[in-house]
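User: I've got a model open on my screen and I'd like a close look at a single part of it. Could you walk me through that part and what surrounds it?

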Amino acid sequence: TFENSTRFSLDLSGAAVIQRDSRLPLILDPSHAIGLRFGVPQLARACAAFGCDGLLIEGHPEVEQALCAKDQALTRTMFSELLPQLRDLAAVIGRQLI
């Protein structure tokens, strides 16, 4: 994509092909894909609904003190609100979040 308001674009179409063609688990990284804290929860929910096997989500107990990736790291509150939503989405598609 040529869209440049976020760091990268997370290609779920490409991820579907990888998931189909690989015997390995598909782990998606919404934090690095968008690079901006506000959008990580939405992208993480999309990844969970997609049915990926795992997520890499950046977090930090004090995001403003983080030495790297602070723009994309979730606060404890944001992560604690996101986790039950991810569990619910996983259950809807017959998966379990562990």
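What follows is about one helix and its surroundings. Which residues of α4 are buried, and what covers them?

Analyst: A bit of housekeeping before the helix. This is a predicted model, where local features need pLDDT of at least 70 and side-chain atom pairs count only at pLDDT 80 or more, while totals for chains, interfaces and linings use all residues. Residues are numbered from 1 along each chain as its sequence is written, and side-chain values use heavy atoms, with hydrogens and water left out.

For orientation, the protein chain has four helices and two strands, in the order α-β-α-α-β-α from the N terminus. Those elements are DSSP runs numbered from the N terminus: H or I over at least four residues for a helix, E over at least two for a strand.

Now to α4, which takes in residues 76-92. Its 17 residues should span 24 Å at 1.5 Å a residue, and its end C-alpha atoms are 25 Å apart, which agrees. (The expected span is 1.5 Å times one less than the number of residues.) After the helix comes glycine 94, with a positive phi near 80 degrees.

The buried residues of α4 are Leu82, Leu86 and Ala90. Buried here means under 20% relative accessible area, exposed means over 50%, and partly exposed is in between, with a 1.4 Å probe and protein chains only. If you're wondering about that spacing, an α-helix has 3.6 residues a turn, so residues three or four places apart point the same way. The cover over these buried residues includes α3 (40-50) and β2.

Two of the buried leucines, Leu82 and Leu86, belong to the largest nonpolar core, together with Ile34, Val40, Ala44, Ala48, Ile57 and Leu74. Such a core is a set of buried Ala, Val, Leu, Ile, Met, Phe, Trp, Tyr and Cys residues joined through side-chain atoms within 4.5 Å. Both α3 and α4 supply at least two residues of this core, and the largest share, three residues, comes from α3. Apart from it lies another core of five residues, including Leu26, Leu28 and Cys47.

Have a look at isoleucine 57 too. Setting aside neighbours within four places in sequence, isoleucine 57 is in contact (heavy atoms within 4.5 Å) with Leu82 and Leu86, and also with Phe79, Leu74, Val40, Ala44, Pro30 and Ser31.

As for β2, this strand covers residues 54-55. Glycine 54 is buried, because its relative accessible area is 15%. Not counting residues up to four places away in sequence, glycine 54 touches Leu26, Ile27 and Leu28. Glycine 54 and leucine 28 are 26 residues apart in sequence, yet their C-alpha atoms are 6.4 Å apart.

Last stop is the loop between β2 and α4, where alanine 69 lies. The phi of alanine 69 is positive, near 60 degrees, in a residue other than glycine. Alanine 69 counts as partly exposed because its relative accessible area is 24%, whereas cysteine 68 is exposed, at 61%.
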